[in-house]
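Visitor: I would like to learn how to read a model like this one, feature by feature. Could we begin with a small backbone detail and work outwards?

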Amino acid sequence: MTKCDQCNTPALWVVSDECGTEIPLCLSCYAKYSSIIQNDIENNEREINYLTSSIESISGIPQDYFPRYPSRPIPITISGIKMNNIHVSNSVIGTINTGSIGTIDQTISALIQLGEVSVATAVKELTEAIINSSNLTPNQKNKLVETISFVSTEAATPKENRKTAIGFDLLDNGLKIIKVADDLFDVYQKYWPILVSVFS
Ligand SMILES: [Zn+2]
């Protein structure tokens, strides 16, 4: 299997450099790469908006005559980790493993780009509901969030390389926890089978 150009992890994406050379990247290196590209696009939009304003002022055309790029929503930051997909307030995070939540958030972006939209939705909805649940202890929430972090990362890996046995074990244990939380009943009924389908 092709390895990432930046580290030793299996590669999932190929990007091209300025000379057109193809560079394989893994999930976390690709996440860094795409956030740099996103920043560049954002800076370009700001620059174009500024130039448009300048043209209007110099030429006497009324202000805001030309369309502008809308400003982008500010991502939520949890313990220094920028969240693009998962929306929960800092007050409910408590002692939950923010590293795992960050991994889940990055993986949701990756899954959407891979076209795995139903898995991405299941991962997002379950994670938000688990963090917000009032029927689970912090320890139970951590177990579930770490399970989802594992499953979502595996879902972004080619099927033949997925760690199926570990996946089923974790999901079996997770099921015992999530089943007893009354406020998670609907979300669990709807989305848990999608997690199971990652390994079947
Ligand atoms: Zn890498």
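Guide: In this predicted model, a backbone angle is a good place to begin: helix α3 is followed by G115, whose phi is positive, near 85 degrees.

Visitor: Which residues of α3 are buried?

Guide: Burial is read here from a neighbour count, with 20 or more other C-beta atoms within 10 Å as the cut-off. In α3 the buried residues include I101, I104, I108 and L111, and also D105 and Q106.

Visitor: How does the span of α3 compare with the length that its residue count predicts?

Guide: One sets the expected rise of 1.5 Å a residue against the distance between the helix ends. Helix α3, residues 98–113, has 16 residues and should span 22 Å, and because its end C-alpha atoms lie 23 Å apart, the two values agree.

Visitor: In which sense do β1 and β2 pair?

Guide: Strand β1, residues 13–16, pairs with strand β2, residues 22–25, in the antiparallel sense, over four bridges, and W13 stands opposite L25 of β2. The two strands form a hairpin with five residues between them, and in that turn G20 has a positive phi of about 85 degrees.

Visitor: Why does I61 count as exposed?

Guide: The neighbour count can be applied again, with 12 or fewer as the cut-off for an exposed residue. I61 has 12 C-beta neighbours inside 10 Å, and therefore counts as exposed; I61 lies in the loop between α1 (27–59) and β3 (76–78). The C-alpha atom of I61 is separated by 60 Å from that of F199, 138 residues further along the chain.

Visitor: What domains is the chain divided into, and how far apart are their C-alpha centres?

Guide: The chain is divided into domain 1, residues 1–72, and domain 2, residues 76–197, with C-alpha centres 28 Å apart. Their contact takes six residues from domain 1 and seven from domain 2, and the side of domain 1 that touches domain 2 has five nonpolar residues, one polar residue and no charged ones.

Visitor: What is the secondary structure of the whole chain, and how spread out is it?

Guide: The chain has seven helices and four strands, in the order β-β-α-β-β-α-α-α-α-α-α along the sequence. Its radius of gyration is 21 Å, well over the 16 Å that the globule rule gives for 200 residues, so the chain is more spread out than a compact globule. Along the principal axes, the C-alpha atoms fill a box of roughly 70 × 40 × 25 Å, and 25% of the 200 residues count as buried.

Methods: Residues are numbered from 1 along each chain as its sequence is written. This is a predicted model: local features need pLDDT of at least 70, side-chain atom pairs count only at pLDDT 80 or more; totals for chains, interfaces and linings use all residues. Domain bounds come from an automatic or database domain assignment. Two residues are in contact if their C-beta atoms, placed from the backbone, lie within 7 Å. Ala, Val, Leu, Ile, Met, Phe, Trp, Tyr, Cys and Pro count as nonpolar, Asp, Glu, Lys and Arg as charged, and the others, Gly among them, as polar. The expected span of a helix is 1.5 Å times one less than its number of residues. Two strands pair if DSSP finds at least two bridges between them. The radius of gyration is taken over C-alpha atoms; the globule rule is 2.2 Å times the number of residues to the power 0.38.
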